[in-house]
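The following exercises ask the reader to work from a chain and its coordinates to a description of fold, cover, pocket and backbone. Each task is followed by a solution in steps.

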Amino acid sequence: MGVVKVSQSFKTKVTPDRMFKALILDSHNLCPQLMFSSIKSIEYLQGNGDAGSLKQLNFTEASPFRYVKHRIDELDKEKWTCKFTMIEGDALMDKLEKIAYDVKFEPYGYGGCVCKISSEYHTKENVEIKEEDIEFGKDRAIGMYEVVEAYLLAHPRAYT
């Protein structure tokens, strides 16, 4: 099994507290509302969002995938960090055992933050993953963050 590590970040004018609440703590409610053309629902299969919880994202027919399951490994509400692992779903493309994510929201400038995402793609035995497969996943993740950012900028009282 090999591991491919990828890091990405982007700056936003939204505070780290609001981004964390919207994207991490309440994503199961907010994301299906904002991204209804691709996310059908997000539900907790076990737990309520704390470390050890399992959640499933169900995608619409318009998406190339049906579902993925995430396990929340660590959650720090005061430091605005979350570690979670994609453990099941067709987004793993029969090439990956799992994808481990480390998400951090750090203060930046006046009232904004930097969202930092580190991903580790754990491939199955004797499997190589293509760069375009990783880029596709990165683009979808950043797209979701940008949609939530736009919502929070348009609704300054949300998640305060």
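A residue is called buried when its relative accessible area is under 20%, and exposed when that area is over 50%; values in between count as partly exposed. The model treated here is predicted.

**Exercise 1. Determine how far helix H1 is covered, and name its buried residues.**

Step 1. Helix H1 runs over residues 16-25.
Step 2. Applying the cut-off of under 20%, one finds 7 of the 10 residues buried, and H1 is therefore described as mostly covered.
Step 3. The buried residues are Pro16, Arg18, Met19, Phe20, Ala22, Leu23 and Ile24.
Step 4. An α-helix has 3.6 residues a turn, so residues three or four places apart point the same way.

**Exercise 2. Describe the chain as a whole: its elements, its dimensions and its surface.**

Step 1. The protein chain holds 3 helices and 7 strands, and their order along the sequence is β-α-α-β-β-β-β-β-β-α.
Step 2. For 160 residues, a compact globule would have a radius of gyration near 15 Å; the chain has 15 Å, so the two agree.
Step 3. Along the principal axes, the C-alpha atoms fill a box of roughly 50 × 30 × 30 Å.
Step 4. Buried residues make up 41% of the 160 in the chain.
Step 5. The accessible surface comes to about 8900 Å², and carbon and sulfur atoms account for 49% of that area.
Step 6. Considering contacts between residues at least 6 apart in sequence, 51% join residues at least 24 apart.

**Exercise 3. Characterise the largest pocket, and place histidine 70 with respect to it.**

Step 1. The largest pocket encloses about 770 Å³ of space. Among the 37 residues that line this pocket, those closest to its centre are His70, Met86, Tyr101, Ala141 and Met144.
Step 2. Helix H3 (residues 131-154) supplies the largest share of the lining, with 10 residues.
Step 3. Sorted by class, the lining has 26 nonpolar, 7 polar and 4 charged residues.
Step 4. Histidine 70 belongs to strand S4, which spans residues 67-76. Its relative accessible area is 10%, so histidine 70 counts as buried.
Step 5. Setting aside residues up to four places away in sequence, histidine 70 touches Ser53, Leu54, Lys55, Leu57, Phe84, Thr85 and Met86. Met86 thus appears both among these contacts and among the residues closest to the pocket centre.

**Exercise 4. Examine the positive phi values of aspartate 94 and asparagine 126.**

Step 1. Most residues other than glycine have a negative phi.
Step 2. Aspartate 94 has a phi near 55 degrees, a positive value, and asparagine 126 has one of about 60 degrees.
Step 3. Aspartate 94 is located in the loop between strand S5 (81-89) and strand S6 (96-108). Asparagine 126 is located in the loop between strand S7 (112-123) and H3.
Step 4. Aspartate 94 has a relative accessible area of 69% and is therefore exposed. Asparagine 126 reaches 75%, so this residue counts as exposed too.

**Exercise 5. Assign lysine 5, glutamate 106 and glycine 49 to buried, partly exposed or exposed, and give their surroundings.**

Step 1. Lysine 5, in strand S1 (residues 3-12), has a relative accessible area of 65% and is therefore exposed. Beyond its neighbours within four places in sequence, lysine 5 is in contact with Ser119 and Glu120. The C-alpha atom of lysine 5 is separated by 9.7 Å from that of isoleucine 99, 94 residues apart along the chain.
Step 2. Glutamate 106, in strand S6, has a relative accessible area of 29% and is therefore partly exposed. With neighbours within four places left out, its contacts are Pro16, Gly112, Cys113, Val114 and Lys116. Pro16 is one of the buried residues of H1.
Step 3. Glycine 49 lies in the loop between strand S2 (39-46) and strand S3 (54-59). Its relative accessibility is 10%, so glycine 49 counts as buried. Under the exclusion of neighbours within four places, glycine 49 contacts Tyr44, Ile72 and Leu75. Glycine 49 and arginine 71, 22 residues apart in sequence, have C-alpha atoms 9.4 Å apart in space.

Note on methods. Residues numbered from 1 in each chain as written. Predicted model: local features only at pLDDT ≥ 70, side-chain atom pairs only at ≥ 80, totals over all residues. Heavy atoms only, no water. Buried < 20%, exposed > 50% of the residue type's maximum accessible area, 1.4 Å probe, protein only. Helix = DSSP H or I, 4+ residues; strand = E, 2+ residues; numbered from the N terminus. Contact = heavy atoms within 4.5 Å. 1 Å grid on protein atoms, 1.4 Å probe; cavity = no way out; pocket = protein on both sides within 12 Å on 5 of 7 lines; lining within 4 Å. Points joined across faces, edges and corners; volume = space filled by probe spheres on them. Nonpolar A, V, L, I, M, F, W, Y, C, P; charged D, E, K, R; others polar. Rg over C-alpha atoms; globule rule 2.2 N^0.38 Å. Areas by Shrake-Rupley, 256 points an atom, 1.4 Å probe, with all protein chains shown as cover.
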